[in-house]
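Pull up the model and let's take a walk through it. We'll go through a sheet, the helices lying on it, and a couple of odd backbone angles.

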Amino acid sequence: MRTAVPPVACVGEPRLTAGFAEYGRLDLAAHEEVHGPIGPMEPAQLLRLAEGMQLKGKGGAGFPFARKLRAVLESCERQDLAAVVVVNATEGEPASWKDKVLLTRAPHLILDGAALAAYALDADEIVIGVADDGVGRDSLMEALEERRMPVLTTIVTVPHRFISGEGGALVNGINGLPHIPPGTKKRSSDSGVSGLPTLLSNAETYAQLAVGARLGPYEYAALGTDDEPGTVLLTVTGAAGRPAVVECTAGMPLRDVLDLCEVPEIQGILMGGYHGKWITPEAAEKAEVSRKGLAAVGGTLGAGIIVPLGVDTCPLGEAAQVVRYLAGESAGQCGPCKMGLPDLARAVDLAVAGSQPADVVRAAAGEVKGRGACSHPDGTARFALSAIEVFAEDLRLHSTGDGCGRRVKGVMGLPGAPDANPQKLTLDWSRCDGHGLCAHVVPDFIRLDANGYPAFPPTPVPTWLREGALKAVKVCPELALRLAKAE
């Protein structure tokens, strides 16, 4: 369970993090002193502000906030229903901390933005979703006790899982359903919380809206680029000597952020988190911190997550661990997630073990892309494909069977402690008669080769497949299969 919020740093003029150095956490009095007063806005006024700011969602997808707001307004009028405003502060991505920083140190900025939206929509309720890791909830409750919100404002706690932060999963959780994405795609602007038109956006998005409301669109655009005005919150972890949540001006060189966080020599950088993309060290030297700037070098901004990978760990092994984790985080309700992601994880494991070519990974990724009920399969496929492209030379070394010579250190920020008892399957070929029962029991890890004999990677069995592997051992009629401690 996460408890310690990382340090905060700033490159350029602070906006979201203004007052942090003086006050640490901004209570209502400090918040008003630092940021100044704010008043309500009518719908047309708030729409003009959001459009003038070119405000896009900060949760990863980058959807224009004004379009969401307009869609909810039109849906309320069309259906003659009240609206609900939802703040997504769940931050299910293990490598991300930016929303936790806002919750713990600038909660009133989030509440300001939500209040602006609620007034403009004449909403009945504001719901703030937070994770059950406990980080930020007390600070948020204290902030709510300090002020009067325009409508009923409640906090809903959701499981701290990767998919719990998906918009549809959060709406399901608020509605008392399982905290997983809906099996079919639907717009929360038409039917969200309690079946009402729902404005759903990320915590940082509402905080940026509050900053923009005070500055106005022109002064807000004094920082940043023409396409992406304002500042960006980034979480820098991995090999950084000084991991931190960093506020920087959009368009600033990525190198400035890496230097601030004392990032040493690297093999590559994961941009955008577990659904993001890897970039090379050469690309990092040219990259600018913006959606457009990162896309130009093959990366993505996503939710502002930066994970540099040092030269002392196996990059493909690190990537394989993340793909296994993402496969285990599946909602398990559609084919691409339930079957395709375990198959992709197995393909990556086999490629890392040198027993199958990269084409197997590409084929497995192609089977899930564009077919899921949510973005989880697409994001996982994007991550896996990016890894085998950026670390192609390492993949070549692994394909020889010798590997890259570096061990997996587990530096990707995966939740929980490393597997204390890693185990792998072994086969006594003198006993195996090729019955094939084991492959039927755990097809996600064991396959039959061209001769009908079991084939599996020499890597440890993922924890989420351990039970199946144990069953495979038990059903082997010749007692040829074993589950042994991995060295």
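Strand β2, residues 84-89, runs parallel to β5, and five bridges join the two. If you want a spot to get your bearings in this predicted model, look for Val 84, which stands opposite Thr 198 in β5.

Now zoom out a little. That pair belongs to an open sheet of four strands, ordered β4-β3-β2-β5, with parallel pairing. The edges are taken by β4 (152-158) and β5 (198-202); each has a single partner strand, so one side of each has no neighbour in the sheet. On average, neighbouring strands here are turned by 20 degrees against each other, ignoring direction.

Next, the helices. Helix α5, made of residues 98-105, lies across β2, β3 (125-131) and β5, and it runs at about 110 degrees to β2. Helix α9, residues 203-220, lies across β2 and β5, at about 95 degrees to β5.

Finally, take a look at the backbone in two loops. Most residues other than glycine have a negative phi. Gln 54 isn't a glycine, yet its phi is positive, at about 55 degrees. You'll find Gln 54 in the loop between α3 (43-53) and α4 (65-79). How accessible is Gln 54? Its relative accessibility is 34%, and partly exposed covers the range between 20% and 50%, so Gln 54 counts as partly exposed.

Glu 262 also has a positive phi of about 55 degrees without being a glycine. This residue sits in the loop between α10 (254-260) and β8 (266-271). With a relative accessible area of 45%, Glu 262 is partly exposed.

Conventions: Residues numbered from 1 in each chain as written. Predicted model: local features only at pLDDT ≥ 70, side-chain atom pairs only at ≥ 80, totals over all residues. Heavy atoms only, no water. Pairing = 2+ DSSP bridges. Axes fitted to C-alpha atoms, helices over the stretch in contact; angles between N-to-C directions. Contact = heavy atoms within 4.5 Å. Buried < 20%, exposed > 50% of the residue type's maximum accessible area, 1.4 Å probe, protein only.
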